[in-house]
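The following paragraphs lead through one protein model, from single residues to annotated spans and a surface pocket. Please keep the sequence and the coordinates at hand while reading.

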Amino acid sequence: MTPALQPLRRIAAYCVCADGDTFLLVRASTKSGTPGVWSLPGGAVDHGENPVDTVVRETAAETGLSVAVVKLRDVLADMRALAARGLTIHTDRLIYEVSVRGGALRDRVGQPTDLARWVTLEEAQALPLRRFTADALGLPDAAADVRPDGVPEVPSFYAVPGPDGLHRAQRFAAYAVCTDRRSRVLLTRIADGYPGGGCWHLPGGGTDFGEQPGVALIRELVEETGQEGRIVELLGVASHRDAAQLGPEGYPIDWHGVRAFYRVHVARSSRPTIHDVGGSTAEARWFDPDELGELPLTEVTEEALRGVGLR
């Protein structure tokens, strides 16, 4: 049994980098929470940083190689217990495929990772791997991570004082471009008093501690609209920072949101019903595609609908 541990959330981005039949891995040093364990290159997304930039920055720092992001491969979440540090960490992980632009492979001294190597899948299978790394390479779970005994109760949102004295918050969320058999699009109207109040937005919201993005999205869809949907595909990830966002808290927050977007299909659509009454959703409706041009949409909704050809 793991003892009671302090919960911590973070967002991180990693890369799958292949050279023929070998893959780039890095080893955690004694300065990390999992010394001797191997993983994909990458690390925590800094406040306000686009995860694509995180991958490029972290890979260069850990391996000496300059990479270019090719595409998003996966979005997932996991929890692990670091008893020595008294922590239970929930990490939302963005996995990208990259190509090498140049540079030379090198090791580091006195940093959280100390070795970088090209390894075959057979060689990788013999190494102690982080669970998300084994999954990304299609290898059996190496069980290098220690799972906590349970999910701690933590608020879905909290802001902490930043280095400049302004409260800041980083939040991971999942949203749906949701359609039904009549090709209608499901949108929600943001309640007054919340950022974007009065505008129409995609259904979805922040993920809970210990919750997978896809599970969170289906839960939010039911809570906000009463619709039961099926995830069809992962569309992409967007990063947005508002350096002084005003919401129901009543004070400015340096806000950084990282959002995963999915295409969702509702086979048996019905009149939307809001179950989470009193929250950020004031109304939910189905719209025909030709009605979308007349609506006040949030910037992120505009971008997502344009990406799937609905704007």
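Where does Ser183 lie? In this predicted model, Ser183 belongs to the loop that joins β9 and β10. Its backbone deserves attention, since the phi of Ser183 is near 65°, a positive value in a residue other than glycine. Ser183 counts as partly exposed because its relative accessible area, 44%, falls between the limits of 20% and 50%.

The two strands on either side of that loop also take part in the packing of helix α5, which covers residues 299-307. The buried residues of this helix are Val300, Thr301, Glu302, Ala304 and Leu305. These buried residues pack against β9 (167-180), β10 (185-190), β11 (200-201) and β14 (253-266). Just after α5, the backbone shows a positive phi of about 80° at Gly309.

Ahead of the helix, Asp290 is placed in the loop between β15 and α5. Asp290 is exposed because its relative accessible area of 65% is over 50%. The C-alpha atom of Asp290 is separated by 23 Å from that of Gly204, and the two residues are 86 places apart along the chain.

Strand β11 also supplies a partner for an aromatic pair. The count of aromatic pairs comes to 3. In one of them, the ring centres of Trp200 and Phe287 are 4.9 Å apart and the planes stand at 85°, so the pair is classed as edge-to-face. This pair links distant parts of the chain, with Trp200 in strand β11 and Phe287 in strand β15 (residues 281-287), 87 residues apart. Both Trp200 and Phe287 are buried.

Attention now turns to the largest pocket. How much space lies in the largest pocket? The volume is about 1100 Å³. The pocket is lined by 40 residues, of which Arg171, Tyr175, Pro195, His201 and Trp255 are the closest to its centre. The elements that contribute two or more residues to this lining are β9, β10, β12 (204-206), α4 (213-225), β13 (230-245), β14 and α5. Strand β13 gives the most, with 5 residues. By class, the lining of the largest pocket divides into 12 nonpolar, 16 polar and 12 charged residues.

Strand β13 can be followed further through two of its residues. Arg230 lies in this strand and, leaving aside neighbours within four places in sequence, is in contact with Arg263, Val264 and His265. The C-alpha atoms of Arg230 and Leu129 are separated by 32 Å, with their positions 101 residues apart along the chain counted as the sequence separation. Val237 is also found in β13. At 24% relative accessibility, Val237 counts as partly exposed, because the buried class requires a value under 20%. The C-alpha atoms of Val237 and Arg259 are separated by 5.5 Å, although these residues are 22 places apart along the chain. Beyond neighbours within four places in sequence, the contacts of Val237 are with Leu72, Val75, Leu94, Tyr96, Val258, Arg259 and Ala260.

Two residues from earlier strands complete the residue-level picture. Thr88 is found in strand β6 (residues 87-103). Is Thr88 buried or exposed? Thr88 is buried, because its relative accessible area of 5% is under 20%. When neighbours within four places in sequence are set aside, Thr88 is in contact with Leu5, Gln6, Pro7, Leu8, Met79, Arg80, Pro148, Pro152 and Phe209. Ala116 has its place in strand β7 (residues 113-120), and its relative accessible area of 0% makes it buried. Not counting residues up to four places away in sequence, Ala116 touches Leu25, Val26, Glu62, Thr63, Leu105, Arg106 and Asp107. The C-alpha atoms of Ala116 and Ser280, 164 residues apart along the chain, are separated by 45 Å.

Finally, the annotation from the record may be set beside the computed geometry. An unreviewed UniProt entry carries the annotation "domain: Nudix hydrolase" for residues 7-141 and 169-309. Residues 7-141 are 18% helix and 50% strand, and the end C-alpha atoms of this span lie 24 Å apart. Over residues 169-309 the chain is 16% helix and 43% strand, with 32 Å between the end C-alpha atoms.

Technical notes
Residues are numbered from 1 along each chain as its sequence is written. This is a predicted model: local features need pLDDT of at least 70, side-chain atom pairs count only at pLDDT 80 or more; totals for chains, interfaces and linings use all residues. Side-chain values use heavy atoms; hydrogens and water are left out. Buried means under 20% relative accessible area, exposed over 50%, partly exposed in between (1.4 Å probe, protein chains only). Helices (H or I, at least four residues) and strands (E, at least two) are DSSP runs, numbered from the N terminus. Contact means heavy atoms within 4.5 Å. Rings of Phe, Tyr and Trp (its six-membered ring) pair if their centres lie within 6.5 Å; planes under 30 degrees apart count as stacked, over 60 as edge-to-face and the rest as tilted. UniProt positions are given in the numbering used here, feature names are shortened, and annotations may be inferred rather than shown by experiment. On a 1 Å grid over the protein atoms alone, a cavity is a set of points where a 1.4 Å probe fits but cannot get out, and a pocket is an open set with protein on both sides within 12 Å along at least five of seven lines; lining residues have an atom within 4 Å of a point. Grid points are joined across faces, edges and corners, and a volume is the space filled by probe spheres set on the points. Ala, Val, Leu, Ile, Met, Phe, Trp, Tyr, Cys and Pro count as nonpolar, Asp, Glu, Lys and Arg as charged, and the others, Gly among them, as polar.
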